[in-house]
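Work through the exercises below with the sequence and the model side by side. Try each task before you read its solution.

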Amino acid sequence: MPVIVLEARDFTSPLFWVRTLEVLSSCTAFSLVSSLEQRNLNISSDCDTFRIFCMFTWCFFFVVTLLIHIINIIQFHSLIPISWKNLTMTVALLGMLMSLSSSTVFPWIVMDHNAVSARALAAAVASGLTFLAYASESCLLRTQAHEQRGYISSLPGFLKIIQLWGGLHMIPLMVLISKLDDGGHWQLWASCFSYGICVFISLVTLAVILGDFAGRCLLPFDRFLAAFSLIGVLLYMLATVICLTKILQLSEAESKVKNANLVIIETVVSSITLLAYTVDLAFSIKLLCDRSHM
């Protein structure tokens with residue numbers, strides 16, 4: 001049985017305090033929002049879905065960060081059969097992006113602007129602190145020695161996290177848009193198919209990276225990454241074109257103005273994710289070309 005050795009520097013390092021702030025601020029955010037009364041929330045139909053999205057984000061990263069915090073303190077990470085340096089960076093980057101989304105969506109859509117309560121305002125501030133804490137952890141992990149940094153710490157690794165972030169965003173958006181469109185338009189089904197395939201690809205890629213399974217692939221892993229990036233570019237190009245078509249339809253139909261916020265959010269997230277896939281594809285092609293000349 002491994003011996004737990006606790007040192008004073010484990011409790012005084014900047015990483016310890018940053019993770020402590022992440023746990024406290026995320027716990028504060030979802031505790032305050034869960035205690036809000038219905039009159040303090042927006043009465044629009046999409047409020048409940050985005051509220052669940054924000055609550056899930058805060059709760060999920062609270063639990064994951066707390067586990068990482070405890071495992072890192074008691075020095076048990078060497079017993080976990082995953083890449084610890086990639087796991088911590090993945091949680092930090094994805095937590096930063098998801099907290100940024102929650103910090104934007106909650107005050108914009110979930111809060112009632114006509115009757116802002118102190119709890120709702122405090123929850124928005126706590127969510128902003130969570131984002132800053134995860135951003136600080138990302139910077140601290142990036143400044144570690146090269147041998148302590150994994151693939152996720154590189155720019156292609158960060159692009160993989162942006163791709164997953166974009167796909168996760170589309171889940172609540174597609175739920176809301178399907179309710180408004182009654183699931184009868186081919187655009188909705190094409191978008192759902194594109195986003196679903198890309199989320200699956202992102203999760204498979206992340207699982208391979210975290211599990212250090214790259215050496216067990218039948219083909220070189222860099223070829224898989226290039227193929228996945230190409231599929232992502234094609235599918236998100238289709239989704240982005242559909243989003244732009246929806247915006248044109250909104251400008252022509254006054255009755256669909258209620259759906260405008262959702263379409264704008266979908267277009268912005270889809271465009272950012274398409275850019276991430278495109279840059280990632282360029283990195284993958286460059287890597288394949290460099291290896292072919294060796």
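**Exercise 1. Find the partner of Lys 160 and place both residues.**

Solution.
- Step 1: Lys 160 forms a salt bridge with Asp 280. Their closest N and O atoms are 2.8 Å apart. This is a predicted model, so the distance is computed from predicted positions.
- Step 2: Check the cut-off. A salt bridge needs the side-chain nitrogen within 4 Å of the carboxyl oxygen. The pair Lys 160 and Asp 280, at 2.8 Å, meets it.
- Step 3: Locate the two ends. Lys 160 sits in helix H5 (residues 155–181), and Asp 280 sits in helix H8 (residues 260–292), so the bridge ties together parts 120 residues apart in sequence.
- Step 4: Judge the cover. Lys 160 and Asp 280 are both buried.
- Step 5: Recall the principle. Side chains of opposite charge can pair when their charged atoms come close.

**Exercise 2. How many salt bridges does a search of the whole structure find? Place the remaining pairs.**

Solution.
- Step 1: The search finds 3 salt bridges.
- Step 2: Take Arg 19 and Glu 137. Their side chains meet in a salt bridge at 2.9 Å, N to O. Arg 19 belongs to helix H1 (residues 14–34) and Glu 137 to helix H4, so this pair links parts 118 residues apart in sequence. Both Arg 19 and Glu 137 are buried.
- Step 3: Take Glu 266 and Lys 246. Their salt bridge has an N to O distance of 3.4 Å. Glu 266 lies in helix H8 and Lys 246 in helix H7 (residues 221–252), so here the tied parts are 20 residues apart in sequence. Both Glu 266 and Lys 246 are buried.

**Exercise 3. Describe the overall pattern of the protein.**

Solution.
- Step 1: Count the elements. There are 8 helices and 0 strands.
- Step 2: Read along the sequence. The pattern is α-α-α-α-α-α-α-α.
- Step 3: Add the burial. Of the 294 residues in the protein, 47% are buried.

**Exercise 4. Are H3 and H4 roughly parallel or roughly antiparallel?**

Solution.
- Step 1: Find the angle. H3 and H4 pack at about 155 degrees. Their axes are 8 Å apart.
- Step 2: Apply the cut-off. Angles over 145 degrees count as roughly antiparallel. H3 and H4 are therefore roughly antiparallel to each other.
- Step 3: Note the handedness. H3 passes H4 in a left-handed crossing.

**Exercise 5. Which residues make the nonpolar surface patch of about 430 Å²?**

Solution.
- Step 1: The patch is made by Val 116, Leu 121, Val 125, Leu 129 and Leu 132.
- Step 2: Place Val 116. This residue is in the loop between helix H3 (84–110) and helix H4 (118–142).
- Step 3: Check its exposure. Val 116 has a relative accessible area of 46%, so it is partly exposed.

**Exercise 6. Is Ser 202 buried or exposed? Treat Gly 128 in the same way.**

Solution.
- Step 1: Ser 202 lies in helix H6 (residues 186–210). Its relative accessible area is 7%, so Ser 202 is buried.
- Step 2: Look across the fold. The C-alpha atoms of Ser 202 and Leu 164 are 5.6 Å apart, with their positions 38 residues apart along the chain.
- Step 3: Gly 128 lies in helix H4. Its relative accessibility is 23%, so Gly 128 counts as partly exposed.
- Step 4: Gly 128 and Ser 26 are 102 residues apart in sequence. Their C-alpha atoms are 9.5 Å apart in space.

Conventions. Residues numbered from 1 in each chain as written. Predicted model: local features only at pLDDT ≥ 70, side-chain atom pairs only at ≥ 80, totals over all residues. Heavy atoms only, no water. Patch = residues over 30% accessible without salt bridge, like charges linked within 9 Å, V, L, I, M, F, W, Y side chains within 5 Å. Areas by Shrake-Rupley, 256 points an atom, 1.4 Å probe, with all protein chains shown as cover. Helix = DSSP H or I, 4+ residues; strand = E, 2+ residues; numbered from the N terminus. Buried < 20%, exposed > 50% of the residue type's maximum accessible area, 1.4 Å probe, protein only. Axes fitted to C-alpha atoms, helices over the stretch in contact; angles between N-to-C directions. Parallel < 35°, antiparallel > 145°, perpendicular 65-115°, else oblique. Left-handed = near helix turned anticlockwise from the far one by under 90°.
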